[in-house]
Each structure stands twice: as C-alpha cells, then as structure tokens.
Amino acid sequence: MAQDTTMPKLNFEYWLDKAVEWGQATTLESQKDVCLHLPQLQEFLHQLYETIKHLVPTVAIQQFPLIGQLLGRLCWNPFVIGYDESQKTLMWCLCCLYSSEPQNAVELKANGWIRSLLCHLLSSSKWESNEAETSTFISALGYTSADYYCHLVKNMVVSLVTELRENQCNGLNMQESISASRVNAISIFCVPLITLPDLTPLLETLLLYHGGSSKEILSLEFLEAVNEAFLKKKISLSESAVFSLWLRHLPSLEKAALHLLDQLFSIRWNSLEEVARVMKDSLLPQAASHPAIFRIVNEIFKNALMETDGTPEVMTIIQVFTQLFLQAYQNKNKQYEFPLKAYFPHHHQPLVRSLVRHPLELPTTYWSHHVKHISDMLKAIVEDTNVSSLSDLFEIWFLVACFGEWLDIAAEQLLKAAVEPDPVLWLLAFYYCPKNENQQRTQTMIEAQAVYNHLMTLFSCRDLSLKDLEAAVHRVTGVEQCCNQQLSTHLLTNFLLFSSGGHKIAQECIHHITEMTDTSKEVYNLLIRTAYRFNHSGEENQRTLKLMDELLQKFTWKV
C-alpha cells in the first residue's frame with residue numbers, strides 16, 4: 001500500500017481514493033495505513049470545515065462536488081472517527097451541508113442522509129451492531145465496547161457544548177459565530193437521541209442558545225420532541241432550560257398546561273397537598289413567574305373552566321395554581337423584576353394588589369377589614385357603567401375567583417368574627433352569581449342573608465340536632481337556582497365546621513344535603529381547600545382538622 005503522505009491542500013480526489021481504499025479498515029494492512037494518515041486527514045478535515053463554515057450548503061456542494069462521498073465514507077471508518085477530534089470535525093462539516101429550509105426534493109433527501117450519518121456518529125446502539133468491525137480498534141484502546149462508546153458520546157457532547165457556549169459569549173464576533181443552519185442541524189440530529197442521559201447538557205445548551213437571528217433557529221421537531229420527553233418523565237432538565245423551551249415554543253407550553261390538567265383529572269385528590277405536588281413537579285407555577293407564560297397558562301385554565309361549565313375541581317385547580325404562582329413570584333421577584341401589572345395588565349391594580357396579599361401577611365384580626373375592602377372595591381367596579389358587556393364581567397369575576405382563598409376566608413369571617421355582613425355577603429353573592437340579570441344576584445343575596453341570620457342564632461348552641469338546622473337545610477335542598485344552593489351550602493358547611501355544636505351533626509347533615517342535591521363536589525372541594533389552608537396557616541384547631549379528615553373519608557367519588 002502506498003506510503004506517500006503528501007497531501008495537496010483540499011485535494012478531494014486524493015482523500016476520496018484513500019477512503020475507498022481503506023473501506024471500513026477491516027484488514028491489518030488498511031488499519032496501519034489509516035493510522036499513518038490520521039494526523040494529515042484531521043488537518044485536511046479542519047481546513048475543509050474552516051473553508052465551508054461560512055458557505056451556504058448549495059455553494060459548498062457546488063465548490064466541492066466530492067464532499068458528500070468523502071464524508072460519507074469517512075463516517076463509517078472506526079479508526080477515523082475514533083481519532084482525536086476527527087469525529088467532531090466530521091459532524092461540523094456535515095452540519096454545514098444541512099439545509100435548514102430545503103427548497104427541493106434533492107435537498108430534502110440530502111438532509112435525510114446527513115441526519116442518518118449524524119445519528120450514526122452519536123448512536124451507541126448503531127455502533128454496537130457493528131461491534132465485529134470495530135472490536136479490534138476498541139480492544140487496542142483497552143476499552144469494552146460499551147465503555148468506549150459511552151466515553152465517545154460524553155466527549156462529543158462536552159465538545160459541542162463548549163463550542164456553543166463560547167460562540168454565545170462571542171456572539172458579536174460575526175467571523176467566529178456559528179451559522180443558524182448549523183445550530184438547526186445540531187438540534188435535528190439530537191431528536192432520535194433525546195432520551196440518552198449523556199446528551200442532556202447539549203439539550204440544555206441548545207435550549208438556552210440564542211443566535212442573532214430574529215427567527216427560531218432550533219428545529220420544531222427538536223422542540224416538540226424535548227417537550228414530549230420532558231412531559232413523559234423520560235428526561236430531566238433544569239428549570240431554566242424548560243422555561244426557555246416554553247418561551248421559544250408556545251405550542252409546547254400549551255401542551256404542558258393541558259397535560260397537567262389531564263394528570264389532575266386522572267387522580268383522586270385526597271388532599272390539596274397532592275395537587276400542589278403534581279403542579280410543582282410540572283414546573284408550570286415556577287415558569288409562570290415570567291408574565292408571558294403566566295398569561296398563556298391562565299388563559300388555558302380559563303378556557304378549561306368555561307368548557308367544563310365551571311366545575312368545582314377546575315376552579316380549585318386554578319386557585320391552587322394561583323397560590324403556587326404567587327409563591328414563585330415573590331421568591332423570584334425580590335428586585336421586582338416584573339410588576340404585577342405585567343401579569344394582570346387589564347385589571348384594576350388596587351384590587352389586584354389587595355387580592356395578591358397572602359392572608360398570613362396580615363393579622364387575623366385584620367382579615368374582616370381586608371375582605372370588606374376587597375368587596376367595596378369590587379362592587380364599585382362592577383356597578384361602574386363602563387362594565388357593560390358580559391365578557392368584561394366575566395374577566396372581573398375570573399380574577400376574583402383565582403384568589404378563592406379570600407372568598408373562603410370571607411365566608412368564615414361571617415360566622416367567626418364580628419363583621420358587617422352586607423359587604424361580605426355581597427362579595428360571596430357576586431362570586432356565586434356574577435350576573436344580575438332579572439335580579440338574580442340580588443335574590444341570591446336575600447337567600448344568603450336569611451341562611452346567615454338563621455345560622456347565627458344557633459352558632460353558640462352546643463347541643464344541636466338536624467331538626468334545628470331544618471330551615472337552613474331547606475334553603476339548600478328546596479331551591480332551584482344553582483347559585484343560591486351553592487352559596488347556602490358554603491355557609492352551612494362552614495357553620496358545621498366552626499360552630500360550637502356543629503361537629504356532632506356534621507356528618508349526618510352533610511350526608512343529607514349531598515343525597516338531596518348535586519352539591520357533593522362543592523362540599524368536597526370546600527373541605528379540602530379549608531384543610532389545606534389550616535395545614536399551612538398554623539391555626540391550632542385540631543378538633544376541626546380531625547372533623548374535616550373524617551368528613552373527607554366519607555366521600556367515595558372520584559373528582
């Protein structure tokens with residue numbers, strides 16, 4: 001075999017002849033010749049890369065028509081791809097030939113061929129299928145096949161990550177910058193390998209990479225595949241990488257939000273702690289600290305609420321999500337990076353500020369005053385003549401509903417504290433009956449007032465029977481209007497939880513109500529919300545918590 005190692009600069013014919021002569025280096029003679037030429041071949045490939053890296057694929061192929069044949073043969077030679085940085089340089093050269101926006105069938109076919117070569121270069125499974133052909137080389141290095149390819153993948157990932165990060169840091173230096181088409185090509189060849197654990201640093205680097213182009217430079221297939229793998233728990237990514245994914249690709253964010261809803265609908269809630277855990281695990285509440293993500297997720301939840309006719313479980317999901325979002329917002333916005341208006345741009349800001357105040361930020365003695373303040377502001381907004389359309393009214397209602405913790409506190413304060421009842425009853429009547437067509441809300445308030453007055457006469461009684469509550473129960477079971485029934489149920493349930501004699505008849509009364517009406521889910525959601533708040537507020541009322549636990553165990557349906 002010829003021993004002449006003279007290499008004319010970019011002499012494709014010379015190196016193509018060598019590649020054909022070597023084949024896949026299966027004989028001892030060809031292996032020796034490959035090893036003899038490896039340093040010069042690597043220098044040739046480096047010069048080739050430096051020459052074509054600033055060319056568009058069509059120009060590169062026109063200038064070097066043999067480039068495809070040469071690279072294709074070298075990619076299958078285990079001695080070539082195992083030498084120093086030759087594999088990395090081969091990959092970069094292939095990326096330079098990839099058309100990010102193919103214009104014809106030839107370019108599409110070329111892209112498919114390039115993807116297959118790139119996958120071959122990083123896929124240990126494909127290499128291991130050719131173990132017989134590469135075993136001589138690997139054994140000579142002192143590796144097992146699995147160890148060799150594992151180290152090779154890790155080294156390639158480190159090399160690519162370093163290259164991308166350095167380019168990001170030197171992004172203003174156009175001479176050194178990586179072209180968008182090559183970054184796009186890298187993202188595409190990652191698609192079939194996304195679940196490979198060693199590839200995670202490269203996935204995260206790509207997701208956090210931003211070139212100078214105003215257009216998305218990562219392939220949609222890559223973004224969709226990463227999101228799918230993340231949602232199915234096949235890969236683990238840093239929060240910053242996931243947030244960047246959702247900001248770059250809104251369909252992935254929408255899919256993540258719908259996936260979370262599906263998860264929560266498919267399990268039985270024994271507590272809101274479980275709901276909160278699933279939500280935090282999804283990273284959506286944390287990601288919502290970015291206003292764009294928050295507004296989109298909030299819109300998705302709003303649509304889910306409308307499509308399900310306002311079911312209690314969807315409303316509870318939204319309320320828990322809002323609480324977790326506020327925690328993330330307060331943790332990540334110590335410097336007030338984003339003002340509240342960025343999250344609620346179309347709402348009355350004093351009302352927003354009052355709603356986002358966490359109850360624990362205020363003394364419990366101030367809660368009733370704060371509830372009255374919210375009610376007064378809300379009433380002024382709702383009765384303003386500028387709020388004329390049902391859509392405007394719905395947006396105001398949805399804002400208040402998201403912060404349902406204050407509504408639950410309002411209902412409790414009616415019974416537990418010396419409060420002016422009218423503003424609090426109006427607030428609750430608005431929540432359960434936002435529209436006032438045909439005086440519906442007014443009628444709801446009248447019904448609630450009657451239930452409230454009756455319950456207050458019994459609040460201090462220690463020895464109660466179901467008969468004593470007959471009038472209040474009839475207000476629940478004997479009315480046709482759903483909003484009247486729901487508000488009365490809310491007040492009656494709170495009475496059973498917090499009054500002196502309510503504990504003794506709570507199970508009997510709630511069983512009677514839920515058997516006679518379709519309020520089971522309302523009661524269940526109210527109980528788990530109250531238990532959740534008690535567990536996180538430090539309120540020392542073990543007797544009430546025990547009662548709520550007993551009541552929740554009586555419910556056998558799946559929400």
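How many helices and how many strands are there in the protein? In this predicted model, the protein contains 30 helices and zero strands. Of its 559 residues, 52% are buried. The exposed surface amounts to about 25,700 Å², and carbon and sulfur atoms supply 52% of that area. Contacts across the chain are also worth a look: among those between residues at least 6 apart in sequence, 71% join residues at least 24 apart.

A good place to begin a tour of the helices is α22, which covers residues 390–402. Its 13 residues reach 18 Å from the first C-alpha to the last, close to the 18 Å expected at 1.5 Å a residue. Buried positions in α22 include L393, I396, W397 and F398, and L399, V400, A401 and C402 are buried as well. What do the buried residues of α22 pack against? Their partners are α18, α19, α20, α21 (367–382), α23 and α24 (421–432).

Two of these partners can be described in turn. In α19, the 21 residues should span 30 Å at 1.5 Å a residue, and the end C-alpha atoms are indeed 30 Å apart. Because 16 of the 21 residues of α19 are buried, this helix is largely enclosed by the rest of the structure. Helix α23, residues 404–416, has 13 residues and an end-to-end C-alpha reach of 18 Å, again close to the expected 18 Å. Here 12 of the 13 residues are buried, so α23 is likewise largely enclosed by the rest of the structure. The buried set runs through G404, E405, W406, L407, D408 and I409, and continues with A410, A411, E412, Q413, L414 and L415.

Helix α23 also carries a salt bridge of its own. The side chains of K416 and E412 meet with an N to O distance of 3.8 Å. Both residues lie in α23, four residues apart, or about one turn of the helix. An α-helix has 3.6 residues a turn, so residues three or four places apart point the same way. Are K416 and E412 buried or exposed? K416 has 40% relative accessibility and therefore counts as partly exposed, whereas E412 is buried, with a relative accessible area of 2%. K416 has another neighbour to note, since the residue lies over the face of F498, at 4.6 Å from the ring centre. A further lysine, K233, lies over the face of F230, at 5.8 Å from the ring centre.

Across the whole structure, a search finds 14 salt bridges. One of them joins the side chains of D33 and K18, at 3.2 Å from N to O. Because D33 lies in helix α2 (residues 28–52) and K18 in helix α1 (residues 12–22), the pair ties together parts that are 15 residues apart in sequence. Both D33 and K18 are buried. The salt bridge between R357 and E361 has its closest N and O atoms 3.0 Å apart. R357 counts as partly exposed at 33% relative accessibility, and E361 is partly exposed too, with a relative accessible area of 43%.

Aromatic side chains add a further layer to the picture, with 22 aromatic pairs in the structure. F294 and F344 form one such pair in an edge-to-face arrangement, with 5.3 Å between the ring centres and 70° between the planes. Which parts of the chain does this pair tie together? F294 lies in helix α18 (residues 291–307) and F344 in the loop between α19 (312–332) and α20 (349–356), so the pair ties together parts that are 50 residues apart in sequence. Both F294 and F344 are buried. Elsewhere, F12, Y14, W15, W22, F44 and F64 form one aromatic cluster.

Finally, I510 offers a view of another helix, α28, which covers residues 502–516. With 6% relative accessibility, under the 20% cut-off, I510 counts as buried. The C-alpha atom of I510 is separated by 9.2 Å from that of T489, a residue 21 positions away along the chain.

Key
Residues numbered from 1 in each chain as written. Predicted model: local features only at pLDDT ≥ 70, side-chain atom pairs only at ≥ 80, totals over all residues. Heavy atoms only, no water. Helix = DSSP H or I, 4+ residues; strand = E, 2+ residues; numbered from the N terminus. Buried < 20%, exposed > 50% of the residue type's maximum accessible area, 1.4 Å probe, protein only. Contact = heavy atoms within 4.5 Å. Areas by Shrake-Rupley, 256 points an atom, 1.4 Å probe, with all protein chains shown as cover. Expected span 1.5 Å × (residues − 1). Salt bridge = Lys/Arg side-chain N within 4 Å of Asp/Glu carboxyl O. Phe/Tyr/Trp six-rings, centres within 6.5 Å; stacked < 30°, edge-to-face > 60°. Lys NZ or Arg CZ within 6 Å of the ring centre and 35° of its normal.
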